[in-house]
Amino acid sequence: MNPSIDRPAAIRRALRDLVAERGFHGASMGAVATEAGVATGTAYVHYESKDELVFATYLEIKAALGEAVLAGLESTAPPQERWSHLLKAAYRFFEEEPERARFLTQLEESPYYEEAHARHLASGDPLSAAVQSDETMELLVDLPGEVIYSLSLGVAVRLVAAGTRLKDAELDTLVTSTWRAVTRP
């Protein structure tokens, strides 16, 4: 491996890609190291366990998602316009590298999810903060955050993970449909 390569990033990417392709059981530390082009010991130098690697990979994806989705977000726009921007930007983020969506769908159905999500929230989630403005919260139906996620961003993640590609008009319809699903009539 080239010495100028960011080994921890290569290891995280290898885990992400293997989990997206084979699931967590097909992503041993040895397989991850091989995929990343490093020795297994090198993977353990950077991540003391597979669990820590999983959490680091999840946090990296969520941080990149937050950055991508919040770019260009007009904080003074009406809630429905902000919703549209957030959902479309998230869909496009995952569409660029569908492995990120497949990794998340695998993680969300795994024993890793609860702790990974708790770590993410503890690190500060700017995307959640953007959605949880007082103005938007007044409009949302009274459901747990996990349900709101499943009816909105979760739909985009699962569509991309499944290989579904939406045309612009279909993405507009998805945005409108998810907005209706999570807001009060």
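**E67**

I looked up E67 first and found it in helix 4. Helices here are DSSP runs of H or I with at least four residues, numbered from the N terminus. At 64% relative accessibility, E67 counts as exposed. The cut-offs I use are these: buried is under 20% relative accessible area, exposed is over 50%, and partly exposed is in between, with a 1.4 Å probe and protein chains only. I also took the C-alpha separation of E67 and F93, which is 10.0 Å for 26 residues along the chain.

A note on the source: the model is predicted, so I keep in mind that local features need pLDDT of at least 70, that side-chain atom pairs count only at pLDDT 80 or more, and that totals for chains, interfaces and linings use all residues. Residues are numbered from 1 along each chain as its sequence is written, and side-chain values use heavy atoms, with hydrogens and water left out.

**Helix 1**

I checked the length of helix 1 next. Its 16 residues should span 22 Å at 1.5 Å a residue, and the end C-alpha atoms are 22 Å apart, which agrees. The expected span is 1.5 Å times one less than the number of residues.

Which residues of helix 1 are buried? I listed A10, I11, R12, A14, L15, R16, L18, V19 and A20. These buried residues pack against helix 2, helix 3 (40-46), helix 4 and helix 6. Contact means heavy atoms within 4.5 Å. After helix 1 comes G23, and I noted its positive phi, near 85 degrees.

**A43**

I found A43 in helix 3. A43 is buried, at 0% relative accessibility. Leaving out residues up to four places away in sequence, A43 touches I11, M29, A33 and V38. I11 is also on the buried list of helix 1. Between A43 and A10 I have 33 residues along the chain and 9.7 Å between C-alpha atoms.

**Helix 5**

Helix 5 covers residues 79-96. I ran the span check here too: 18 residues should give 26 Å, and the end C-alpha atoms are 26 Å apart, in agreement. Its buried residues are P79, R82, W83, S84, L86, L87, K88, A89, A90, Y91, F93 and F94.

How do helix 5 and helix 6 cross? Their axes come within 4 Å and cross at roughly 105 degrees. The two helices are therefore roughly perpendicular to each other. For the axes, lines are fitted to C-alpha atoms, for helices over the stretch in contact, and angles run from 0 to 180 degrees between N-to-C directions. By the angle classes, under 35 degrees is roughly parallel, over 145 roughly antiparallel, 65 to 115 roughly perpendicular, and the rest oblique.

On the helix 5 side, F93, F94, E95 and E96 make the contact; on the helix 6 side, P98, R100, A101 and L104 do. I sorted this contact by class and got 5 nonpolar, no polar and 3 charged residues. In that scheme Ala, Val, Leu, Ile, Met, Phe, Trp, Tyr, Cys and Pro are nonpolar, Asp, Glu, Lys and Arg are charged, and the others, Gly among them, are polar.

**The core**

I then turned to the largest nonpolar core, which has 51 residues. F94 and F103 have the most contacts inside this core. Helix 5 gives the most to the core, with 8 residues. A nonpolar core is a set of buried Ala, Val, Leu, Ile, Met, Phe, Trp, Tyr and Cys residues joined through side-chain atoms within 4.5 Å. In soluble globular proteins, nonpolar side chains tend to be buried together.

What does F103 touch? I have L15, R16, V19, A20, F24, V54, T57, Y58 and I61, with residues up to four places away in sequence not counted.

**Helix 8: L127 and A130**

L127 lies in helix 8 (residues 126-131). I have L127 as buried, with a relative accessible area of 11%. Its contacts are L65, V69, L70, L86 and L153, again not counting residues up to four places away in sequence.

A130 is in helix 8 as well. A130 is buried, at 18% relative accessible area. On the same sequence limit of four places, A130 touches L70 and L73. L70 is also among the contacts of L127.

**T178**

My last entry is T178, in helix 12. Buried or exposed? T178 is buried, with a relative accessible area of 3%. Past four places in sequence, T178 touches W83, L87, L151 and S152. I note that W83 and L87 are among the buried residues of helix 5.
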